[in-house]
Amino acid sequence: MVNWFEPAILFQTGIKALISSLFGNYADRREMEAALDMPLPGSIISNTLAEYSDLDEIWVDFISDTGDGFNSTYSVASTVAQPYLTVEDDGAAIKLPRGRILILGGDQIYPTPTGEIYDTKFRIPFESALPKIENDENNPHMYAIPGNHDWYDGLGSFMKVFCQQRRIGNWKTFQTRSYFALSLPHNFWFWATDVQLNEDIDKPQLDYFLKVAKTQMQPGDKVILCTAEPAWVYRQLYPENTSYDRLRFFIETYITDDRAGLIGKKFTLATALTGDLHHYSHYCFKDESGQSNHYIGAGGGGAFTHLTHNLPKKLTKIKEPGITLETIFPDKKDSYRLLLGNLLFPFINYYFSALLGSIYLLFYWLLQSRFVLSQDESYRMHLNEIAFNKFLSDTSNLILYTPVLGLLSALLLFGFYKFTDLKTGKTLVWIWGILHALVQVTSIFAIIWLTARLTADFGSSAIFLSSLFFAGSIIGGFLMGFYLFLSNLLWAIHIDESSSALASAHYKNFLRLHISPKGLTIYPIGIRKVTTQWKQTESEKDIVFSGRLPEYHLIEKPIHIKN
């Protein structure tokens, strides 16, 4: 699994995110897609939609947030690739055929979208899960939309993998843009949008869906909408997040209300699917007539598991009233148990902890250098001779009159404070962030003094320095983990950080959809524990893995949406 607190990954991902946010709007590849998407004579791709609507029924698989750890990604891919899955519902066994279509709901790889990472973290697991069969006329199809991690290179790698009608194992890709609409049986449609780093949907994309709605669809058709982020949850959690406003505008204008009067007909939103949060959540509203709105997050394709106990029970800040949380996976009990793992932060995120230990050494070196300029004695011996309050007083003076020490201390305090999760807008959280920063910086000086005292009987500087590094790594890492634990438990903040710090490969999920004359049925499939023992065999063309298929189950009863 990606270690999100590894300094190199933090730096690399931060730079990619910064560049994407600065230049994304000036180099919007979606407009280029539209310009180059010319009709191909005799082809079912490009401006002519791939037709599935003539079938009497169809099965569709939906996976989101793949391409992190191999064990998690391949466990999901190999389960999806099975010809049939057998699940139990009310004591009866149900056979679910593999999807004719596989739809990927964003963030196919982590942390950044290089060609090498796409190969190792996406192509190889999926090609191995369902190897290519030559001249297979019934091969399943694959479509994808990008998430923010796919956008970090401006969609360059995404376009090469998914928009050139190539094979990924036995799946065949068809799309030519990063968004698409699929005509499905019994007046169902699948619309998948590209929201490009949480920005507005571009004009060519809006024109695309407008053309589909006006020329291809009939009044009352039902739309399964796929978006790359759970805007309904973000609106409830983060007051300044505007993604739901953009999503609602799109739904009302192009699907349910013909808000701008451009289409001349109205359609029904059957359900909205998304990923981005790496767990399963099902929000639902049912009116008196039995009509339902279902908002389903299924981001369990392979990335670290997001905790679920912070999810709001009701969505009170969105337009639709009375939408409540029906089911989550992992459940609250397991989520709280996973949260405890943050107390093991220095052992899980050892690179970050080692960075903190190095900062302890740096501060000792600066303190010693400043001390020996004015005192003709060993700084270690001096620490052994003074009490802690005297040490703090002397150190405060050193910091005040030493620009480098003062600047470094100020930067460290500022850095720890800026780490504070203020997105929720909760009162006084900033005080909690300041307290964490003060504790982290104060602990540096306390551990320097304490380590000098405890190693006083050892003359070797190497023993002292190694002890200081080890103590700084453990204490600094533990303070970070303890801060994340309490922040999430008491304030319900740092949802991403307290989850990514765990790097949990387990609790994966995906959806299997069935469209038939009876309507749409959604089967949420959960994998509580992924398989970690795979045997790899290589040949000239293929890499194949063998191992026990992970156990899977229905997360909740099938979700039925009538025709």
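Heading: Strands, rings and a surface patch

Biologist: Where is Leu422 found?

Modeller: In this predicted model, Leu422 is found in the loop between helix 14 (403-418) and helix 15 (429-454).

Biologist: Is Leu422 buried, partly exposed or exposed?

Modeller: Leu422 counts as partly exposed because its relative accessibility is 42%, and the partly exposed range runs between 20% and 50%.

Biologist: Which residues form a nonpolar patch on the surface with Leu422?

Modeller: The other members are Leu428, Trp430, Ile431, Ile434 and Leu438. Together with Leu422, they have about 530 Å² of accessible area.

Biologist: Let us turn to strand 16. How many of its residues are buried?

Modeller: Strand 16 covers residues 508-516, and nine of its nine residues are buried.

Biologist: Which residues lie on each side of strand 16?

Modeller: Lys508, Phe510, Arg512, His514 and Ser516 are on one side, while Asn509, Leu511, Leu513 and Ile515 are on the other. Both faces are covered. In a regular strand, side chains alternate between the two faces of the sheet.

Biologist: Which strands are joined to strand 16 by bridges?

Modeller: Strand 1 (residues 58-63) is joined to strand 16 by five bridges, and the two run antiparallel. Strand 17 (residues 519-527) also runs antiparallel to strand 16, with nine bridges between them.

Biologist: What is the bridge partner of Phe62 in strand 16?

Modeller: That partner is Leu511, one of the buried residues of strand 16.

Biologist: And what about Ser516, in strand 17?

Modeller: Ser516 has Gly519 as its bridge partner there. A hairpin of two residues joins strand 16 to strand 17.

Biologist: Now the aromatic rings. How many aromatic pairs does the structure hold?

Modeller: There are 38 aromatic pairs. One aromatic cluster is formed by Phe5, Phe345, Phe352, Phe419, Trp432 and Tyr483.

Biologist: Which lysines lie over the face of a ring?

Modeller: Lys95 lies over the face of Tyr84, at 4.4 Å from the ring centre. Lys172 lies over the face of Phe174, at 4.9 Å from the ring centre.

Biologist: One last residue: where is Asp202 found, and is Asp202 buried or exposed?

Modeller: Asp202 is found in the loop between strand 9 (188-192) and helix 6 (203-215). Asp202 counts as buried because its relative accessible area is 5%, and buried means under 20%.

Biologist: How far apart are Asp202 and Thr253?

Modeller: Asp202 and Thr253 are 51 residues apart in sequence and 14 Å apart in space, C-alpha to C-alpha.

How values were computed:
Residues are numbered from 1 along each chain as its sequence is written. This is a predicted model: local features need pLDDT of at least 70, side-chain atom pairs count only at pLDDT 80 or more; totals for chains, interfaces and linings use all residues. Side-chain values use heavy atoms; hydrogens and water are left out. Rings of Phe, Tyr and Trp (its six-membered ring) pair if their centres lie within 6.5 Å; planes under 30 degrees apart count as stacked, over 60 as edge-to-face and the rest as tilted. A charge sits over a ring if NZ of Lys or CZ of Arg is within 6 Å of the ring centre and within 35 degrees of the ring normal. Patches are made of residues with over 30% relative accessible area and no salt bridge: like charges are joined within 9 Å, nonpolar side chains (Val, Leu, Ile, Met, Phe, Trp, Tyr) within 5 Å. Accessible areas come from the Shrake-Rupley method with a 1.4 Å probe; for residues, only the protein chains shown count as cover. A salt bridge is a side-chain nitrogen of Lys or Arg within 4 Å of a carboxyl oxygen of Asp or Glu. Helices (H or I, at least four residues) and strands (E, at least two) are DSSP runs, numbered from the N terminus. Buried means under 20% relative accessible area, exposed over 50%, partly exposed in between (1.4 Å probe, protein chains only). Two strands pair if DSSP finds at least two bridges between them.
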